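Please walk through this protein chain with the aim of seeing how its charged side chains, sheet, helix and cores are arranged.

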Amino acid sequence: MLGIGVSMSNQAQSSAAMQLPYNYPADYSGSFDGTNDIVICQNSAPVGHPLKPTNAVTLSVFVRPFAWDYYNYDNSFDKVYIAGNLATGGYALLLQKSGTDTFIKWQVGVADDGTGSPGYLTATSTEPINNNLDGPGSTGPFRMLVGTFDGNVATLYIEGNTTNYGGTTEAGFRTSAADYPASYPTTIDYVQQGLQVTEFAIGASNQHGDYIKAQIDDVAVWNSCLTSNEVAKLRSYTDPVTGNSSSIPFDLRRTDISGYNSSSNLVGYWSFDESQGSQTADLVGVADGIFTNGATWSNANPRTPNP
């Protein structure tokens, strides 16, 4: 869902990038049933694809799980994926079980995890999210999750910051700066165990498993590491057109939002506002999302667009 001031006709089925801000007639999101629903982003598997940056990446999503305390909804789950291309490398945002608790995780596969071998950097909510992000999705709000990687550190932001709701930063599996110096560089790896990461997926892993029951909205990928100030602006900003403060997502291609300077680094952007059809357009024209196995649209708990 986007809250913007310029309108254009619905071109949901076109693979061409929509170059202007727009309003669809209603606020929609993607709806996933947790059984086999997935949105697959077209042609995003090849080596060197824009959705496979190597030096830095940011992934942002708005998500409303059926329950943030996902263990109480499905105590058999181990993890469920929100969005990404994590498999044998890559990156993704997900929910994962630990005992009877549920944690948010941001994982990035890297060429060197500090041991001299390929591995994963993982930023995890420092506290279980069971009781921190409201109740069942039938009544709870969407929450914004952002994962960034700058070539060294993986950072998880929850609702625009790294402190509320237990957001945290982690530079790999090692636990101290002495073990993993802040200056230690690495790159994102998409080939581990001899296997190449395939397409970018929403609502499940790109291996077509670990499905989440949730509404998902406004998924975006940048080939840069957004600053903490930019991440905060994604959650709360002043619209220069209306002069109003807002927490409604703005069109991330805009260049007039003070403090947000990364529109030119967008490599994937799905607003889920079409409300009909079998795909959601990638608004930067790279990889339209194909609704598969019953993934559909929802306007439950809509967020009112900006005036």
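A residue is called buried if its relative accessible area is under 20%. The model is predicted, and the cut-off is applied here to its computed coordinates. Arg 143, at 10% relative accessibility, therefore counts as buried. This residue lies in strand S8.

The partner of Arg 143 is a good place to start. Glu 159 forms a salt bridge with Arg 143, and their closest N and O atoms are 3.1 Å apart. The pair links distant parts of the chain, 16 residues apart: Arg 143 belongs to strand S8 (residues 143-149), while Glu 159 sits in the loop between strand S9 (154-158) and strand S10 (169-170). With a relative accessible area of 14%, Glu 159 is also below the 20% limit, so this residue is buried. The contact does not stand alone, since Arg 235 is linked with Arg 143 and Glu 159 in a network of salt bridges.

The search of the whole structure finds 5 salt bridges. Another of them is formed by Asp 239 and Arg 254, with closest N and O atoms 3.2 Å apart. Asp 239 is in the loop between strand S15 (237-238) and strand S16 (245-246), and Arg 254 is in the loop between S16 and strand S17 (266-270), so the bridge ties together parts that are 15 residues apart in sequence. Both Asp 239 and Arg 254 are buried. Arg 253 and Asp 251 also meet through their side chains in a salt bridge, at 2.6 Å from N to O. These two residues, Arg 253 and Asp 251, are buried as well.

Arg 235, from the network above, leads to helix H2. Which residues of helix H2 (residues 228-235) are buried? They are Glu 230, Val 231, Leu 234 and Arg 235. Viewed down the axis of H2, the buried residues fall within an arc of 150°, so they line one face of the helix. The elements that cover them include strand S3 (57-65), S8, S9, strand S14 (213-222), S15 and S16.

The nonpolar residues can be taken next. The largest nonpolar core has 48 residues, and those with the most contacts inside it are Leu 59, Tyr 91, Trp 106, Phe 200, Ile 202 and Val 219. A second core, separate from it, has 19 residues, among them Phe 142, Val 146, Ala 220 and Val 231. Val 231 is also one of the buried residues of H2.

Now for the sheet. Strands of a sheet pair through backbone hydrogen bonds, either parallel or antiparallel. Here an open sheet of 8 strands follows the order S7-S6-S5-S4-S13-S2-S19-S18, with antiparallel pairing. Strand S7 (119-124) and strand S18 (279-280) stand at the edges; each has a single partner strand, so one side of each is left without a neighbour in the sheet. Within the sheet, strand S4 (residues 79-84) and strand S5 (residues 91-98) run antiparallel and are joined by 5 bridges. In this pair, Gly 84 stands opposite Ala 92 of S5.

Strand S6 (residues 101-110) holds Val 108. Is Val 108 buried or exposed? Its relative accessible area is 0%, so Val 108 is buried. Leaving aside residues up to four places away in sequence, Val 108 touches Gly 90, Tyr 91, Gly 119, Tyr 120, Leu 121, Phe 149, Ala 154 and Ile 188. Val 108 and Asp 189 are 81 residues apart in sequence, and their C-alpha atoms are 8.3 Å apart in space.

Terms used
Residues numbered from 1 in each chain as written. Predicted model: local features only at pLDDT ≥ 70, side-chain atom pairs only at ≥ 80, totals over all residues. Heavy atoms only, no water. Salt bridge = Lys/Arg side-chain N within 4 Å of Asp/Glu carboxyl O. Helix = DSSP H or I, 4+ residues; strand = E, 2+ residues; numbered from the N terminus. Buried < 20%, exposed > 50% of the residue type's maximum accessible area, 1.4 Å probe, protein only. Core = buried A, V, L, I, M, F, W, Y, C linked by side-chain atoms within 4.5 Å. Pairing = 2+ DSSP bridges. Arc of directions from axis to C-beta. Contact = heavy atoms within 4.5 Å.
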